[in-house]
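Biologist: Before I rely on any label, I would like to hear the reasoning behind it. Could you take me through the terms one at a time?

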Amino acid sequence: MAAGSGREEAAAAAGYWRGPPWVALYQLHLVKAATARAFVPRELRLVEAFGYTLGGMFLARYDDSPAGKFDELVVIAGIVWNPPTSCAWAARVLVNSAEACRHGRKEVGLPSHVATFSQTEADALRNKPLVKSNSFLSLLGMRSTVSNQGNDREIEISETKGSCTRHLCNISVPLTGSHKHKWMGPAIRMSLPSFSGQIEDHPDLLKYSCQVECRVRPVRPAKIWRPRITEPQECPDGKISSKGSEVLAEPDAQKHTIMVLLSKPILALEFNYLEMHVDAPKIVIPHSKKKEVRV
């Protein structure tokens with residue numbers, strides 16, 4: 001996640017800053033605990049009930065930052081205990097900027113990867129294998145306030161490494177365009193604690209917090225799917241496969257990332273006029289040479 005504050009010089013190593021008018025979608029999913037455990041370190045206890053934890057995604061576009069303008073998809077594997085509260089654990093972070101990727105890995109300890117975000121404006125899509133929404137919002141009495149106007153924005157996300165491009169997923173985002181004369185929801189201020197680290201650039205287990213100020217409102221959950229495309233693709237192992245094909249030898253981390261994204265959405269929140277500041281991470285558990293780091 002990126003960050004916002006006027007204290008650029010003092011906090012230059014901590015995150016990104018300066019927005020509004022940033023817009024983001026924060027979507028919560030019911031993720032199978034077995035899927036989340038593929039990412040969460042053994043020394044951390046997963047928050048779970050009936051075999052599920054709370055994960056999801058954070059999708060944002062940053063118009064200004066030390067890394068320039070870029071898009072970001074944070075895939076959240078689940079929630080882990082951090083008494084007396086809990087923290088999120090990011091499974092994978094995708095950005096369409098090499099500098100933003102470097103910053104995420106070097107400064108925050110995030111598992112960042114470079115990706116392409118191909119975007120089109122389209123009406124609500126039909127006849128596609130979508131992740132369906134449920135009646136969770138109606139249980140909260142929020143059904144009548146959920147925005148369902150405007151065209152969806154379809155984004156195709158593909159991870160890139162060198163000359164190799166590997167399709168990850170498509171996301172149909174329910175952002176509603178112009179904000180004139182529309183209720184943007186209440187103004188809120190909150191702190192979102194997260195764990196990071198245990199990557200090659202930061203082998204220690206780290207903890208940081210995102211300080212967020214924005215207007216927030218519930219929206220329809222984004223629709224996420226993986227279409228089967230027959231276009232050939234060259235992979236790091238030198239083999240030629242098809243995008244989305246079961247034959248494609250994907251790394252386990254990417255397979256589990258897709259499983260998180262295709263899990264059941266229960267709540268989606270649109271953040272408008274978003275300002276965010278990322279505190280500099282602190283070491284929670286020093287790295288042991290016996291422990292493996294994630295990619």
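**Reasoning behind the labels**

Modeller: Let me begin with a cysteine: C87 has a relative accessibility of 1% and counts as buried. Please keep in mind throughout that this is a predicted model.

Biologist: Why is C210 called buried or exposed, as the case may be?

Modeller: The relative accessibility of C210 is 0%, and buried means under 20% relative accessible area, so C210 counts as buried.

Biologist: How many disulfides does the chain have, and what makes a pair of cysteines count as one?

Modeller: A disulfide is a covalent bond between the sulfur atoms of two cysteines. The rule applied here asks for a pair of cysteine sulfur atoms within 2.5 Å, and by this rule the count comes to zero disulfides.

Biologist: Why is D204 called buried or exposed, and where does it lie?

Modeller: D204 lies in the loop between β8 (187-197) and β9 (205-218). Its relative accessibility is 19%, and because the cut-off for buried is under 20%, D204 counts as buried. Leaving aside residues up to four places away in sequence, D204 touches S196, G197, Q198, I283, I285, P286 and H287.

Biologist: Why is L30 called buried, partly exposed or exposed?

Modeller: L30, which is found in strand β1 (residues 22-32), has a relative accessible area of 35%. Buried means under 20% and exposed means over 50%, with partly exposed in between, so L30 is partly exposed.

Biologist: Which residues make the nonpolar surface patch that includes L30?

Modeller: The patch is made by L30, Y52 and L54, and its area is about 230 Å². Patch residues must have over 30% relative accessible area, and L30, at 35%, therefore passes that cut-off.

Biologist: What makes S97 a cap of α2, and which residues of that helix are buried?

Modeller: A side-chain oxygen of S97 lies 3.3 Å from the backbone nitrogen of E99, and S97 caps the N-terminal end of α2; a polar contact requires N or O atoms within 3.5 Å. Within helix α2 (residues 98-108), the buried residues are A100, C101, H103, G104, R105 and V108, while just after α2, G109 takes a positive phi of about 75 degrees.

Biologist: What do these terms give for the chain as a whole?

Modeller: The secondary structure comes to four helices and 14 strands, and buried residues make up 51% of the 295 residues. Among contacts between residues at least 6 apart in sequence, 70% join residues at least 24 apart.

Notes:
Residues are numbered from 1 along each chain as its sequence is written. This is a predicted model: local features need pLDDT of at least 70, side-chain atom pairs count only at pLDDT 80 or more; totals for chains, interfaces and linings use all residues. Side-chain values use heavy atoms; hydrogens and water are left out. Patches are made of residues with over 30% relative accessible area and no salt bridge: like charges are joined within 9 Å, nonpolar side chains (Val, Leu, Ile, Met, Phe, Trp, Tyr) within 5 Å. Accessible areas come from the Shrake-Rupley method with a 1.4 Å probe; for residues, only the protein chains shown count as cover. A salt bridge is a side-chain nitrogen of Lys or Arg within 4 Å of a carboxyl oxygen of Asp or Glu. Helices (H or I, at least four residues) and strands (E, at least two) are DSSP runs, numbered from the N terminus. Buried means under 20% relative accessible area, exposed over 50%, partly exposed in between (1.4 Å probe, protein chains only). A polar contact is a pair of N or O atoms within 3.5 Å; within protein, one must be able to donate a hydrogen and the other to accept it, and residues adjacent in sequence count only if both atoms are side-chain atoms. Contact means heavy atoms within 4.5 Å.
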